[in-house]
Amino acid sequence: MSSSSTPSASPAATPVLTPQRLAGARVLVVGDAMLDRYWFGAVDRISPEAPVPVVRVTREEERLGGAANVALNVKTLGAQCTLLTVVGDDEPARKLRQLLEEQGVATVLGSDPKLYTIVKLRVIGRSQQLIRIDFENQPESEVLAQMLSDYERVLPEHDAVLFSDYGKGGLTHIPRMIELARAAGKPVLVDPKGSDYRRYAGATTLTPNRAELAQVVGAWGSEADLHQRAHALREQLGLAGLVLTRSEDGMSLFETDATGAPTHVQVPAMAREVFDVTGAGDTVIATLAALLACGLDLAEAMPLANRAGSIVVGKFGTASCSYEELFAKETP
């Protein structure tokens, strides 16, 4: 299979996207929400009990994580967003609800007393992450199955659907939700996990990174080999396009032209000082979803999503990108 490469459009060439246009776009985010906790402290000595640093905690911070961070990214960009997810009946769930309310993110939250709300605790010393501790349990059943009627109720109110799959068991039975969204004419974006993407068949696009894609299609030996494998996966799953995030190599879009021939568009990475890549993938897919909800196509939206991702890696921890940051003029 051969593919052609075409230069990507710059953000400046994208059709005019005003704050008013974004404010009218509505994105439904479905997936695994979590709470990100940060403990910041001073590291002055090594423990006498073991060869590990002693962190004297001086500040604590809590942020939205997982699908909740994706929803926050959509909202920060200026679009409307609803988060549909299931959390536990515990203290982290109450904190998540509080943070979502403070950020103005609309929610449809289910509660399962058997479920531990996912918490990622990061201990930071000397401006670097020393350890991450995860608190979670695998649900006994697909927790979002109980939310299907809620999903069907709110689906017509939105212009795009974004599934944020963190492999925590919340989206085991995603095919029905994709089917309903596509039948309603909504673009469907999926941040995938795992080695079997068949459950995402029929989506508009997936946004794996290099490691995630290699887990599904195998390691590629050349750019041409990558193109062949990516297009084969896109055809197998019936995707309109496959968006590959490539870190320092930017992003690639694999789709077809008007004649049905496979095409490839690459956007180079933007040169920035990378501080933290945490949550950059959340920002990329949130931006894509908001722009598709505005009526842009993948080729138009990808350069802006690439720019948004490059902005958040210059921030610490899970972060988001505003409309003003996204469209700010670069200074020499």
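**View 1. Ser-164, in strand S9 of this predicted model.** Strand S9 covers residues 160–164, and Ser-164 is part of that run. Is Ser-164 buried or exposed? With a relative accessibility of 0%, Ser-164 counts as buried, since the cut-off for that label is under 20%. Look past the neighbours within four places in sequence and you'll find Ser-164 in contact with Val-30, Gly-31 and Asp-32. Its contacts also include Gly-66, Ala-67 and Val-70, plus Leu-171 and Asp-191.

**View 2. Helix H2, mostly covered.** H2 takes in residues 67–77, and nine of those 11 residues are buried. Two of the buried ones, Ala-67 and Val-70, also turn up among the contacts of Ser-164. The rest of the buried set is Ala-68, Asn-69, Ala-71, Leu-72, Asn-73, Val-74 and Leu-77. Keep an eye on what comes just after the helix: Gly-78 has a positive phi, about 120°.

**View 3. Arg-132 and its surroundings in strand S8.** Here the strand is S8, residues 128–135, with Arg-132 in it. Arg-132 has a relative accessible area of 39%, so it goes down as partly exposed. Which residues does Arg-132 touch, once those up to four places away in sequence are set aside? They are Lys-120, Leu-121 and Arg-122. Lys-120 sits 12 residues away along the chain, yet its C-alpha atom is 6.7 Å from that of Arg-132. There's also a polar contact at 2.8 Å, made between the side chains of Arg-132 and Asp-134.

**View 4. Tyr-323 and Phe-327, a tilted ring pair.** Searching the whole structure turns up four aromatic pairs. In the one shown here, the ring centres of Tyr-323 and Phe-327 are 4.6 Å apart, and because their planes meet at 40°, the pair is classed as tilted. How do the two partners fare for exposure, buried or partly exposed? Tyr-323 counts as buried, at 17% relative accessibility, while Phe-327, at 30%, counts as partly exposed.

**View 5. Arg-63 over Tyr-38, and Lys-193 over Tyr-166.** Two charge-over-ring arrangements share this last close-up. In one, Arg-63 lies over the face of Tyr-38, 5.0 Å from the ring centre. In the other, it's Lys-193 that lies over a ring face, that of Tyr-166, and the distance to the ring centre is 5.2 Å.

Note on methods: Residues numbered from 1 in each chain as written. Predicted model: local features only at pLDDT ≥ 70, side-chain atom pairs only at ≥ 80, totals over all residues. Heavy atoms only, no water. Helix = DSSP H or I, 4+ residues; strand = E, 2+ residues; numbered from the N terminus. Buried < 20%, exposed > 50% of the residue type's maximum accessible area, 1.4 Å probe, protein only. Contact = heavy atoms within 4.5 Å. Polar contact = N/O pair within 3.5 Å; in protein donor to acceptor, adjacent residues only side chain to side chain. Phe/Tyr/Trp six-rings, centres within 6.5 Å; stacked < 30°, edge-to-face > 60°. Lys NZ or Arg CZ within 6 Å of the ring centre and 35° of its normal.
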